[in-house]
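User: Hey, I'm new to this one. Can you walk me through it?
Analyst: Sure, here it is.
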Amino acid sequence: MPRTTTATTRNSAVHMAVAFIAMGSWATFANLAHPMPRPLIAGVVQGTLSALITLFLKRMIETLSARLPGSAGYWVPPVVAVAVSLSLLSSIHWIAGTPEILRTIVVPLSVTAIYATSYNLTLRRMAA
């Protein structure tokens, strides 16, 4: 049975909320050595970025995976996902004044790499 638009929207909202809480909490923890409100700002920035990235990452991987033939379809989507995430996370945390940028983004970037790679491989195997 196909998913309804409402169910898909609800599912996306749940995934976004989980990403916000999990990665925002990590960013707050990673910056706890600095005076408040720096850790909280880092947490809100990272939570927001993670929620938005979660919303668009899946769609981007699906699009690239379907359009790229051969071996490029296996490695380009995860590389693009990580590169876009790295660029967004590092630049926006720098603008926000996050004290521990590397510590803040290492976990979300690792999750992005693992998710993008495994999801893309799943898509490629299903298409074969």
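Analyst: A term to start with: rings of Phe, Tyr and Trp (its six-membered ring) pair if their centres lie within 6.5 Å, and planes under 30 degrees apart count as stacked, over 60 as edge-to-face and the rest as tilted. This is a predicted model, where local features need pLDDT of at least 70, side-chain atom pairs count only at pLDDT 80 or more, and totals for chains, interfaces and linings use all residues. Residues are numbered from 1 along each chain as its sequence is written, and side-chain values use heavy atoms, with hydrogens and water left out.

User: How many aromatic pairs are there in the whole structure?
Analyst: Two turn up. One of them joins W26 and F29, which is tilted, at 5.6 Å centre to centre and 45 degrees between the planes. W26 and F29 are three residues apart in helix α1, about one turn of the helix.

User: What's the secondary structure?
Analyst: Four helices and zero strands, in the order α-α-α-α along the sequence. Helices (H or I, at least four residues) and strands (E, at least two) are DSSP runs, numbered from the N terminus.

User: What's the peptide bond like from M36 to P37?
Analyst: That bond is cis, with omega near 10 degrees. Most peptide bonds are trans. M36 sits in the loop between α1 and α2, and P37 is found in that loop too.

User: New topic: how much space is in the largest pocket?
Analyst: About 620 Å³. It has 24 lining residues, and the closest to its centre are H15, T54, L55, K58 and Y115. A pocket is an open set of points on a 1 Å grid over the protein atoms alone, where a 1.4 Å probe fits, with protein on both sides within 12 Å along at least five of seven lines; lining residues have an atom within 4 Å of a point. The volume is the space filled by probe spheres set on the points, which are joined across faces, edges and corners.

User: Which helices supply at least two residues of that lining?
Analyst: α1 (5-30), α2 (38-67) and α4 (101-127) each do.

User: K58 came up there. What does its side chain meet in a salt bridge?
Analyst: E62, at 2.8 Å, N to O. A salt bridge here is a side-chain nitrogen of Lys or Arg within 4 Å of a carboxyl oxygen of Asp or Glu. K58 and E62 lie four residues apart in helix α2, and the count by this rule is one salt bridge.
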